[in-house]
Amino acid sequence: MALNYDGVKSLYDNYVIGNYGRIPVAIARGEGSYVWDTEGRKYLDFITGLAVNGLGHCHPRVVEAIRRQAGELLHIHNNFIWEQQGRLAEALSKQTTGMGQAKVFFCNSGTESTEAGIKIARLWGKQHGGKSRILSLENSFHGRTYAALSATGQTVYQKGLDPLVPGFDYVPLNDITALEKAFDERTAALICEPVQGEGGVFLCDPRFLEAARRLCDKHQ
Ligand SMILES: Cc1ncc(COP(=O)(O)O)c(C=O)c1O
């Protein structure tokens, strides 16, 4: 029999590390914009999935695609290639503008994509005069693994976890003068959210982004 709230809570108390603050509701199922808890109460879900999962709950086409693929092939080692991964890369590349023919690196989370971006920037920097410093913005968020956490411009996430990965400098959002000062011959990359999310909702001024583009081009 399915557990009620107290049953689920006791599993979490006993077996799940308490690193997230939790709302005292155990969700049992979802449909469209609604979810139901273990006591059968219905809620309108204003989030319906974080980030790339903002798809609503159990859309029939999403469910059908997952069912079909699960019956064909669930996992294959990266030593092989397969059509679906190639097709997804093509679809993502075609959505990406301003980069020529963009290529895709597949990973499991935002923090891993940040790690990969930092690694690519430093590999490139080593071949271009030994550049390794990464510029980031104050109040930014780039993930919880070590390099991504080091790129994150908020001490609240870093507290107690030092030493962090070296080589990161932080610039105030929309301060073009500070950005110009921070760029030098050691700069390998700038990492920047056009809209800061976790840090609040703060937008990059288009002029700041234009200056960032210009400085990146200048220091290539
Ligand atoms: C800009 C940005 N980068 C990275 C991450 C980390 O993503 P994930 O939680 O999938 O590791 C987040 C998550 O909120 C994010 O907002």
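**Close-up views of a predicted model**

**View A. Val16 and the nonpolar surface patch.** Val16 sits in the loop that runs between helix H1 (5-15) and strand S1 (27-31). The model shown here and in the other views is predicted. Val16 has a relative accessible area of 37% and is partly exposed. Together with Leu3, Leu11, Tyr12 and Tyr15, Val16 makes a nonpolar surface patch of about 510 Å². Patch residues must have over 30% relative accessible area, and Val16 at 37% is therefore on the qualifying side of that cut-off.

**View B. A salt bridge within helix H1.** Asp13 and Lys9 form a salt bridge in which the closest N and O atoms are 3.0 Å apart. The two residues are four apart in helix H1, which means that about one helical turn separates Asp13 from Lys9. Asp13 counts as exposed, at 54% relative accessibility. Lys9 counts as partly exposed, with a value of 35%. The structure holds 10 salt bridges, and two others are drawn in Views C and D.

**View C. The salt bridge between Asp37 and Arg41.** The side chains of Asp37 and Arg41 meet in a salt bridge, at 2.9 Å from N to O. Is Asp37 buried or exposed? Asp37 counts as buried, because its relative accessibility is 4% and buried means under 20%. Its partner Arg41 is partly exposed, with a relative accessible area of 48%.

**View D. A salt bridge within helix H3.** Glu83 and Arg87 are joined through their side chains by a salt bridge of 2.7 Å, N to O. Both residues belong to helix H3 (residues 83-95), and being four residues apart they are separated by about one helical turn. Glu83 and Arg87 are both exposed.

**View E. Surroundings of the ligand.** The residues around the ligand are Ser109, Gly110, Thr111, Phe141, His142, Gly143, Glu193 and Glu198. Oxygen atoms of the ligand take part in polar contacts with the protein, including those described next. A backbone N or O atom of Gly110 is 2.8 Å from an oxygen atom of the ligand. For Thr111, a polar backbone atom lies 2.9 Å from a ligand oxygen atom. Glu198 contributes a polar side-chain atom, 3.2 Å from an oxygen atom of the ligand. On its own the ligand has 400 Å² of accessible area, and the protein covers 59% of this.

**View F. Thr111 in helix H4.** Thr111 is found in helix H4 (residues 110-126) and is one of the residues around the ligand. Thr111 is buried, with a relative accessible area of 16%. What does the side chain of Thr111 reach? The side chain reaches the backbone nitrogen of Arg144, at 3.1 Å. Residues up to four places away in sequence aside, Thr111 touches His142, Gly143, Arg144, Thr145 and Ala148. Among these contacts, His142 and Gly143 are also listed around the ligand.

**View G. Thr48 and Cys58 in the loop between S3 and H2.** Thr48 lies in the loop between strand S3 (42-44) and helix H2 (60-72). With a relative accessible area of 15%, Thr48 is buried. Which residues are in contact with Thr48, leaving aside its neighbours within four places in sequence? They are Gly32, Ser33, Asn53, Gly54, Leu55, Gly56 and His57. Cys58 is also placed in the loop between S3 and H2. The phi angle of Cys58 is positive, about 55°, although Cys58 is not a glycine. Cys58 counts as exposed, at 51% relative accessibility.

**View H. Asn139 between strand S4 and helix H5.** Asn139 is found in the loop between strand S4 (133-137) and helix H5 (146-151). Its phi is near 70°, a positive value in a residue other than glycine. At 26% relative accessibility, Asn139 counts as partly exposed.

**View I. The cis peptide bond at Pro163.** Asp162 and Pro163 are joined by a cis peptide bond, with omega about 5°. Pro163 is placed in the loop between helix H6 (155-158) and strand S5 (168-171).

Notes
Residues numbered from 1 in each chain as written. Predicted model: local features only at pLDDT ≥ 70, side-chain atom pairs only at ≥ 80, totals over all residues. Heavy atoms only, no water. Patch = residues over 30% accessible without salt bridge, like charges linked within 9 Å, V, L, I, M, F, W, Y side chains within 5 Å. Areas by Shrake-Rupley, 256 points an atom, 1.4 Å probe, with all protein chains shown as cover. Salt bridge = Lys/Arg side-chain N within 4 Å of Asp/Glu carboxyl O. Buried < 20%, exposed > 50% of the residue type's maximum accessible area, 1.4 Å probe, protein only. Polar contact = N/O pair within 3.5 Å; in protein donor to acceptor, adjacent residues only side chain to side chain. Contact = heavy atoms within 4.5 Å. Near = heavy atom within 4 Å.
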